[in-house]
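Colleague: Please take a close look at one part of this model for me. Start with how that part is packed and connected, then move on to the pockets.

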Amino acid sequence: MREQNSVTTMNRRAMLKLSAAALIGASTTPVEIQAMQTVAMKAESLAEFPSKPSEDITSKLFPGFVQTEVRTSGASIPVFHKGDGPPVLLLHGYPETHVTWHKVAPRLAERFSVYVPDLRGYGDSSRPSDGDRHINYSFRAMALDQVETMRHFGHEQFLVGAHDRGARVAHRLCLDFPKSVKKVCLMDIAPTLTMYRQTNQEFATKYMWWFFLIQAAPLPEHLIGLDPRYYLGEILSGLNKSPGALTPEAVSEYVRCFCCTSTIHATCEDFRAAADIGLEMDEANDRAGNKIVVPILALWGAKGAIGRLWDVLATWRAKASSTVTGRSLDCGHFLQEERPEETFEELQRFFSTV
């Protein structure tokens with residue numbers, strides 16, 4: 001019994017030393033083992049901020065678009081914009097940037113005034129301090145950025161097309177600024193509170209980063225930083241169900257913007273805020289009966305997890321007092337990159353009947 005207890009209470013450091021010794025030979029000393037562990041766990045040397053974007057790639061992906069740096073009350077937001085007609089705001093998700101819209105935005109700009117920003121903490125936007133309970137990366141803070149951005153361009157009301165984290169920002173935008181949004185398209189999400197409260201093993205497995213990224217700093221930041229390109233590639237390839245849909249130019253931009261310490265931390269803060277103060281805000285809205293009052297178009301990927309785990313339309317009807325329509329597209333998570341033609345047609349049809 002005494003022998004069993006000693007094994008049970010063995011600390012993790014001793015276990016690591018024994019494991020390492022078994023792998024590299026019993027003759028290795030504890031000092032050598034510690035040195036090898038330190039080398040093995042040393043993070044890749046990363047820059048703090050993304051390198052400067054290539055003008056060639058920008059002009060190729062968004063031909064004719066103009067970039068404007070908008071200073072909001074809480075962040076600096078780069079916005080690509082083009083076109084005349086009703087204003088449309090397009091919001092991206094994790095772990096991407098505004099580039100995710102490169103197959104759709106140019107076509108929409110033929111009929112609309114299209115604005116494509118980076119969310120705060122993503123892409124080439126600024127990285128504010130975290131704030132108490134991660135509030136500066138809450139969807140409320142991000143939604144305020146977008147209202148102020150559109151007001152900068154003279155638009156008090158606008159249409160919104162949003163994917164993934166951007167769609168969660170759009171949800172908050174509709175609740176906090178109901179007079180600003182005319183219509184909203186929410187892509188490949190169910191409501192955040194619904195998803196956390198109805199978590200099961202399948203969802204936790206398929207969306208493991210929802211539970212990994214919310215861990216206290218610096219655990220996820222350190223582990224991602226050990227090999228950020230590998231981590232990014234695994235997320236992108238796991239969610240994409242249409243081989244070749246993510247173009248080399250787009251992926252190059254995702255790598256440029258994600259693989260730096262400030263983005264890794266800021267995007268973790270996004271998830272921490274959503275699972276902390278964000279859920280509190282959502283619960284307060286539910287108690288107050290505060291719902292989305294504008295028409296909703298919900299789209300999702302038939303090959304992804306969201307439509308299999310939730311009745312997407314039902315989840316949004318529970319959060320809205322307006323009409324909710326939508327359907328699945330034959331793809332994975334990245335609708336605007338995997339099925340750009342169908343995504344464009346859905347957005348154009350929805351936005352044209354204002």
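Modeller: First, a term. A crossover counts as right-handed if, with the strands pointing away from the viewer, the path from the first strand over the helix to the second runs clockwise. Keep in mind that this is a predicted model.

The part to look at is strand β5, residues 158-163. Together with helix α7 (residues 165-176) and strand β6, β5 forms a right-handed β-α-β unit. So in the view just described, the path from β5 over α7 to β6 runs clockwise.

Now the pairing. Strand β6 covers residues 181-187 and pairs with β5 in the parallel sense. Six bridges link β5 and β6. One pair to find on screen is G161 and C185: C185 in β6 is the bridge partner of G161. Strand β5 also pairs with strand β3, residues 87-91. That pairing is parallel too, and it has four bridges. Here, look for L89, which stands opposite V160 of β5.

Next, burial. Six of the six residues of β5 are buried. Buried here means under 20% relative accessible area. In a regular strand, side chains alternate between the two faces of the sheet. To see both faces of β5, take the residues in two sets. F158, V160 and A162 lie on one side. L159, G161 and H163 lie on the other. Both sets are buried, so both faces of β5 are covered, each residue falling under 20% relative accessible area. V160, the residue opposite L89, and G161, the partner of C185, are therefore on opposite faces and both under that cut-off.

Now the pockets. The largest pocket holds about 270 Å³ of space. It is lined by 19 residues, and K206, W209, I235, G238 and L239 are the closest to its centre. Helix α12 (228-239) and helix α16 (306-309) each supply at least two lining residues. The largest share, six residues, comes from α12. By class, this lining has nine nonpolar, four polar and six charged residues.

The second largest pocket holds about 180 Å³. Of its 16 lining residues, P53, S54, T58, Q67 and F80 are the closest to the centre. Two or more residues each come from α4 (55-61), β2 (76-82) and α13 (248-258). Helix α4 gives the most, with four residues. This lining divides into seven nonpolar, four polar and five charged residues.

Terms used: Residues are numbered from 1 along each chain as its sequence is written. This is a predicted model: local features need pLDDT of at least 70, side-chain atom pairs count only at pLDDT 80 or more; totals for chains, interfaces and linings use all residues. Side-chain values use heavy atoms; hydrogens and water are left out. Buried means under 20% relative accessible area, exposed over 50%, partly exposed in between (1.4 Å probe, protein chains only). Two strands pair if DSSP finds at least two bridges between them. On a 1 Å grid over the protein atoms alone, a cavity is a set of points where a 1.4 Å probe fits but cannot get out, and a pocket is an open set with protein on both sides within 12 Å along at least five of seven lines; lining residues have an atom within 4 Å of a point. Grid points are joined across faces, edges and corners, and a volume is the space filled by probe spheres set on the points. Ala, Val, Leu, Ile, Met, Phe, Trp, Tyr, Cys and Pro count as nonpolar, Asp, Glu, Lys and Arg as charged, and the others, Gly among them, as polar.
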